[in-house]
Every structure is written in structure tokens, then in C-alpha cells.
Amino acid sequence: MTEIHKKRPEFRNINAFKDLTTYRLPLAGWVSILHRASGAMMFLLLPFIIWLFDTSLSSEISFTRFSSAFIVGIGFCPAWFVKLVVLALIWAYLHHLSAGVRHLYMDTHHAVSKEFGKSSAIVTLAISWILTIGLGAKLFGLY
Amino acid sequence: MSVNYGSKRVVVGAHYGLKDWLAQRVTAALMALFTLVLLLQIIFTSGDMGYDKWASIFNAEWMKTLTFTVILSLAYHAWVGMRDIWMDYIKPVGIRLLLQIFTLVWLVGCAGWAIQVLWRL
């Protein structure tokens with residue numbers, strides 16, 4: 001090894017504050033950790049999701065409450081905040097779904113190669129971001 | 001260091017995967033199917049989506065059954081996923097147990113609420 005070749009850094013017992021900031025994750029790694037993060041997020045927001053399900057479905061009156069949450073807000077939450085949380089949930093759902101389909105695809109038929117890992121990660125991220133931006137624009141009334 | 005793989009592994013009751021691995025995937029496929037079915041119904045609803053149209057989607061008996069199954073699937077799926085997270089990051093057994101109990105209570109509570117919403121429709 002010549003002097004020019006810098007020694008590759010070794011990561012053991014990754015420290016969340018010292019190492020994570022400099023650790024360059026490959027795209028497949030981003031898909032993976034975001035899959036986990038989006039899952040945890042939906043788990044924590046589950047009561048809110050069921051609240052949306054409940055108010056939108058239970059009666060005509062509750063449906064009005066549901067729609068007005070997106071127009072004038074609900075309780076101490078202004079409408080933009082409700083929309084922001086819903087947008088985060090939309091992203092989480094889309095990412096979790098597309099990363100999950102990628103998982104099933106890899107599980108069932110396909111030998112996993114480094115190249116496929118990367119290209120499928122790009123597709124996964126592209127699908128979830130494009131759909132999130134599209135639906136987010138609709139949610140915030142841009143079209 | 002004790003062996004934690006193969007036939008001589010130390011069994012500590014973490015299920016060692018296959019059942020939960022499979023359950024997680026089967027429930028995931030079910031939820032994906034539900035998403036598709038719901039999406040198609042929304043797309044093929046004519047006119048603006050008001051309360052009547054939205055409620056009538058979930059009023060159909062087969063849709064109620066599918067939604068019920070999906071609620072249970074979601075609880076199981078989220079349990080497997082959250083347990084994985086706790087097992088990966090939380091090492092002290094006491095805290096891990098507390099978080100796992102919290103997860104179960106949280107999920108059973110949410111599933112109960114969702115089923116109640118579905119049932120009184």
C-alpha cells in the first residue's frame with residue numbers, strides 16, 4: 001500500500017455522537033435505517049392514525065370534525081401542524097411500503113448482489129420521495 | 001463467549017426468528033393488499049369523497065372483514081418490528097422488558113380502539 005492510499009477507517013462500537021456524524025452510509029443502508037425509523041414513527045403515531053380513522057368514519061358530525069382539523073386545526077394544534085404530521089405519516093407509509101416490497105422481492109426470488117442492492121435502493125427512495133412530494137403538494141393545496 | 005448460533009446455541013427465548021420472520025412478511029403482504037384494495041375503491045369513487053362514500057367503503061361486509069384482519073396483522077407486524085428495535089438497541093433487560101410491555105399494551109389498546117370503530121359502523 002502506498003502512502004497515497006489512506007487507511008480505510010474502521011468502525012467498531014459505533015458511538016452515536018462521534019462516529020455517526022462522519023459515517024457515510026451507502027444508499028441501501030439509508031433505505032434500511034429509514035425503514036426502521038418510519039416503522040417506529042408510525043408505531044408511536046398509531047393513536048393519531050386511529051383517531052383519523054375514528055373521526056372520519058364514525059358519523060357525519062365526527063367527519064366534519066375530521067375535515068375541519070385540516071382547515072382550522074383541532075384543539076391547540078393549528079391546521080398546518082396537523083397537515084405536517086399527516087405528511088410525515090404519508091412519507092413514513094410510502095417509504096415503509098416500498099422498502100418492504102423491496103425486502104419481499106429480495107426474499108423471494110432474487111440473488112442479492114451489490115449492484116442490485118444499490119439500484120433497488122435508488123428506486124425505493126425515488127418512489128417514496130416522488131409520491132410524498134406529489135401527495136404533500138395536494139395536501140397543502142398547491143394544486 | 002458462548003455460542004449463539006447453530007445447534008449448540010444458548011436458547012434464551014428470543015424465538016430465533018422463522019415464525020416471526022414469516023409472520024412479519026405475511027402480515028406485510030396483507031396490508032399491502034389492503035392498501036391496494038382501498039386505493040382502487042377511492043380511485044373508482046365517482047365525484048367528491050364525502051362522509052357517505054367514505055363510510056360506504058368500510059360498510060361492505062367483506063371490507064369490514066378485510067379491515068379487521070389488517071388491524072390484527074398490523075398489531076402483530078408492529079410487535080415483531082418494535083421488539084427487534086428494542087432487542088437491537090436496549091441492552092439492560094429490565095428496561096427492555098418494560099418497553100416490550102409498553103409496546104404490547106400500546107398495540108393491544110390501539111387495535112381494540114380500531115376494531116371498536118369498525119364494529120359500530
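At what angle do the axes of helix α4 (residues 79–108) of chain A and α1(B) cross, and within what distance do they come? The answer is that the two axes cross at roughly 130° and come within 11 Å, and the paragraphs below set this pair of helices within the two chains that hold them. Throughout, the reader should keep in mind that this is a predicted model, with scores of ipTM 0.86 and pTM 0.87. For chain B the mean pLDDT is 91, and 90% of its residues reach 70 or more. As a general caution, where pLDDT is low, the predicted coordinates should not be read in detail.

We may begin with chain A, whose secondary structure amounts to five helices and zero strands, so that its elements, followed from the N terminus, run α-α-α-α-α. The radius of gyration of chain A is 20 Å, which lies well over the 15 Å that the globule rule gives for 143 residues, and chain A is therefore more spread out than a compact globule. Along its principal axes, the C-alpha trace of chain A spans about 75 × 40 × 30 Å.

Chain B, in turn, has four helices and zero strands, and its pattern, read along the sequence, is α-α-α-α. For chain B the radius of gyration is 19 Å, whereas a compact globule of 121 residues would have a value near 14 Å. The C-alpha trace of chain B spans about 65 × 25 × 20 Å along its principal axes.

Within chain B, the packing of α1(B) against α3(B) deserves a separate look. In general, two packed helices are described by the angle between their axes and the distance between the axes. For α1(B) and α3(B), the angle is about 140° and the axes are 9 Å apart. Because an angle over 145 degrees would be needed to count as roughly antiparallel, α1(B) is oblique to α3(B). The crossing in which α1(B) passes α3(B) is left-handed. On the α1(B) side, the residues that meet α3(B) include A23(B), T27(B), L30(B), M31(B) and F34(B), while among those they meet in α3(B) are L66(B), V70(B), L74(B), Y76(B) and V80(B). By class, the residues of this contact of α1(B) with α3(B) divide into 11 nonpolar, five polar and one charged.

Turning to where the chains meet, the contact takes 18 residues from chain B and 19 residues from chain A. On the chain B side, α1 (18–43), α2 (51–59), α3 (61–89) and α4 (93–119) each supply at least two residues, and α1(B) gives the most, with five residues. The residues of the side of chain B that touches chain A divide into 15 nonpolar, two polar and one charged.

This brings us back to the pair of helices in the opening question, α4(A) and α1(B), whose axes cross at roughly 130°, which makes α4(A) oblique to α1(B). Here, too, the crossing is described as left-handed, with α4(A) passing α1(B). The contact is made by L97(A), G100(A), V101(A), L104(A) and D107(A) of α4(A), together with R25(B), A28(B), A29(B), A32(B) and T35(B) of α1(B). Taken by class, the contact of α4(A) with α1(B) has six nonpolar, two polar and two charged residues. One residue, A28(B), appears in this contact with α4(A) and is also listed among the residues of α1(B) that meet α3(B).

Note on methods:
Residues are numbered from 1 along each chain as its sequence is written. Chains are lettered from A and ligands numbered from 1 in the order in which they are written. This is a predicted model: local features need pLDDT of at least 70, side-chain atom pairs count only at pLDDT 80 or more; totals for chains, interfaces and linings use all residues. Two residues are in contact if their C-beta atoms, placed from the backbone, lie within 7 Å. Ala, Val, Leu, Ile, Met, Phe, Trp, Tyr, Cys and Pro count as nonpolar, Asp, Glu, Lys and Arg as charged, and the others, Gly among them, as polar. pLDDT is the predictor's confidence in each residue, from 0 to 100. Axes are lines fitted to C-alpha atoms, for helices over the stretch in contact, and angles run from 0 to 180 degrees between N-to-C directions. Angles under 35 degrees count as roughly parallel, over 145 as roughly antiparallel, 65 to 115 as roughly perpendicular and the rest as oblique. A crossing is left-handed if the near helix is turned anticlockwise from the far one by less than a right angle, and right-handed if clockwise. The radius of gyration is taken over C-alpha atoms; the globule rule is 2.2 Å times the number of residues to the power 0.38.
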